[in-house]
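Thanks for sharing this one. Here are my notes, point by point, on how the side chains pack and pair.

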Amino acid sequence: MFSWMPRDPLAVGSKAPDFSLPTESGKKVKLSALHGKNVVLVFYPGDDTMICRKQLCEFRDAWPHTRGLNVVVFGVNPQSAESHREFRERYKFPFPLLVDADQQVAALYNSDGGMVNRTVYLIGPDGKIRYVRRGMPQPKEVLAAAVKSKLKNTVSV
C-alpha cells in the first residue's frame, strides 16, 4: 500500500489504543486514566482553518448536551501548544486540544498522513471504540453513540 493513501479507521468494537499527550496548557492526558468515561477524539488537520474551526465550534455548541452522558472531548492535531492555546481561547472551546507533534497518536488511530485525516472517534467507558467516522459528523450523531454506550452499561443481565 502507498504510504500517502489513507488507511481505514479502526473498527467499531475494537480496543482503543492507549496514549498519553499534552494539552495546550501542558497537562498530560492518558486515555487509560479516563476509563469509565466516554471519550470523543476529534482528529483535525489544522488550528484556525475554516473547516476545522466549524467542526470544533459545533462540538463547543453541543457541549451543554454532553451533561449526564459522562463525555469528555478532545481535539487532536500536530500543531504546537501555543497554536492550540490561541485557537482554544479565540473560540472559547470548553475542551482541551491535544498536541500530537509527531502524529504518533494519529498513526495509532489510522488518522495520519501528510495531513491528519479528519476523523471522529467515540471510545466507550470500557475502552472500546463505539463510533468512528471520517469527515465532519454532527455532534448529535457522535453523542447518540455515547447514549447507547450509557444504556448498555446500565442494563443488567
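Is D48 buried, partly exposed or exposed, and what is its relative accessible area? D48 is partly exposed, at 31%; buried means under 20% relative accessible area, exposed over 50%, and partly exposed in between, with a 1.4 Å probe and protein chains only.

1. A word on the basis. This is a predicted model, so local features need pLDDT of at least 70 and side-chain atom pairs count only at pLDDT 80 or more, while totals for chains, interfaces and linings use all residues. Residues are numbered from 1 along each chain as its sequence is written, and side-chain values use heavy atoms, with hydrogens and water left out.

2. The cores. The largest nonpolar core (buried Ala, Val, Leu, Ile, Met, Phe, Trp, Tyr and Cys residues joined through side-chain atoms within 4.5 Å) has 23 residues, and V40, L56, F59 and F93 have the most contacts inside it. At least two of its residues come from each of strand 3 (38-43), helix 1 (50-61), strand 4 (71-77), helix 2 (81-91), strand 6 (119-123) and helix 4 (139-154); these are DSSP runs numbered from the N terminus, helices being H or I of at least four residues and strands E of at least two. Another core, of 21 residues, lies apart from it and includes V29, Y109, I123 and I129.

3. Around F93. With residues up to four places away in sequence not counted, F93 touches L56, C57, R60, F87 and R88, where contact means heavy atoms within 4.5 Å. F93 is buried at 4% relative accessibility, and F87 is buried at 1%.

4. Aromatic rings. There are 10 aromatic pairs in the structure. Rings of Phe, Tyr and Trp (its six-membered ring) pair if their centres lie within 6.5 Å, with planes under 30 degrees apart stacked, over 60 edge-to-face and the rest tilted. The F87 and F93 rings have centres 5.1 Å apart and planes at 75°, so this pair is edge-to-face. One aromatic cluster takes in Y44, W63, F87, Y91, F93 and F95.

5. Salt bridges. The structure holds 9 of them, each a side-chain nitrogen of Lys or Arg within 4 Å of a carboxyl oxygen of Asp or Glu. D48 pairs with R53 at 3.1 Å, N to O, and R53 is partly exposed at 25%. In R130 and D126 the N to O distance is 2.2 Å; R130 is buried at 18%, whereas D126 is partly exposed at 30%. Shared partners join D48, R53 and R90 into one salt-bridge network.
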